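The following points are offered as a colleague's note on the entry shown here. They are numbered for ease of reply.

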Amino acid sequence: MDTIQDMIAAQRGSLAAVLDTLPASGWDQATLCAGWRVREAVAHVTMPFRYSGPRFVWELARSRGRFNEMADRVARPMPRR
């Protein structure tokens, strides 16, 4: 029987395989999430794997506890200077 870790690893692998075949232009395609392109949606769904617990709490605090505001802010690319 698969463990939860095995199932998570398989799901991550499946997502990586799909994203690996995405052409460069695909990252800028609109999604069903208002105002989000594929790149923001991917950033959102991969956030738990990229942010530590303390970093998540810090980002949530920066957004005054508003999860949707935080998710939108951290999913968007940083402006280039």
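1. Arginine 64 comes after helix 4 and has a positive phi, near 55°. The residue is not a glycine, yet its phi is about 55°. I would draw attention to this backbone value while recalling that the model is a predicted one.

2. As to its setting, arginine 64 sits in the loop that runs between helix 4 and helix 5. Its relative accessible area is 56%. Because the threshold for exposed is over 50%, arginine 64 is classed as exposed.

3. At the other end of helix 4 (residues 53-62), serine 52 acts as the N-terminal cap. A side-chain oxygen of serine 52 lies 3.2 Å from the backbone nitrogen of arginine 55.

4. Which relation do helix 4 and helix 5 have, given that their axes cross at roughly 110°? The two axes come within 8 Å of each other. The crossing angle makes helix 4 roughly perpendicular to helix 5, since angles of 65 to 115 degrees fall in that class. Helix 4 contributes Phe56, Glu59, Leu60 and Arg62 to the contact, and helix 5 contributes Phe67, Met70, Arg73 and Val74. Sorted by class, the contact of helix 4 with helix 5 has five nonpolar and three charged residues, with no polar ones.

5. Helix 5 (residues 67-75) also packs with helix 2, at an angle of about 120° and with the axes 8 Å apart. Helix 2 is therefore oblique to helix 5. The crossing of this pair is right-handed. On the helix 2 side the residues in contact are Glu40, Ala43 and His44; on the helix 5 side they are Phe67, Ala71 and Ala75. By class, four residues in the contact of helix 2 with helix 5 are nonpolar, one is polar and one is charged.

6. Phe67 of helix 5 deserves a separate remark. This residue is listed in the contact with helix 4, and Phe67 is also listed in the contact with helix 2.

7. Finally, is leucine 32 buried or exposed? Leucine 32 is exposed, its relative accessible area being 92%. Leucine 32 belongs to the loop between helix 1 (4-20) and helix 2 (38-45). From leucine 32 to threonine 46 the separation is 14 residues in sequence, and their C-alpha atoms are 17 Å apart in space.

Note on methods: Residues are numbered from 1 along each chain as its sequence is written. This is a predicted model: local features need pLDDT of at least 70, side-chain atom pairs count only at pLDDT 80 or more; totals for chains, interfaces and linings use all residues. Side-chain values use heavy atoms; hydrogens and water are left out. Helices (H or I, at least four residues) and strands (E, at least two) are DSSP runs, numbered from the N terminus. Buried means under 20% relative accessible area, exposed over 50%, partly exposed in between (1.4 Å probe, protein chains only). Axes are lines fitted to C-alpha atoms, for helices over the stretch in contact, and angles run from 0 to 180 degrees between N-to-C directions. Angles under 35 degrees count as roughly parallel, over 145 as roughly antiparallel, 65 to 115 as roughly perpendicular and the rest as oblique. A crossing is left-handed if the near helix is turned anticlockwise from the far one by less than a right angle, and right-handed if clockwise. Contact means heavy atoms within 4.5 Å. Ala, Val, Leu, Ile, Met, Phe, Trp, Tyr, Cys and Pro count as nonpolar, Asp, Glu, Lys and Arg as charged, and the others, Gly among them, as polar. A polar contact is a pair of N or O atoms within 3.5 Å; within protein, one must be able to donate a hydrogen and the other to accept it, and residues adjacent in sequence count only if both atoms are side-chain atoms.
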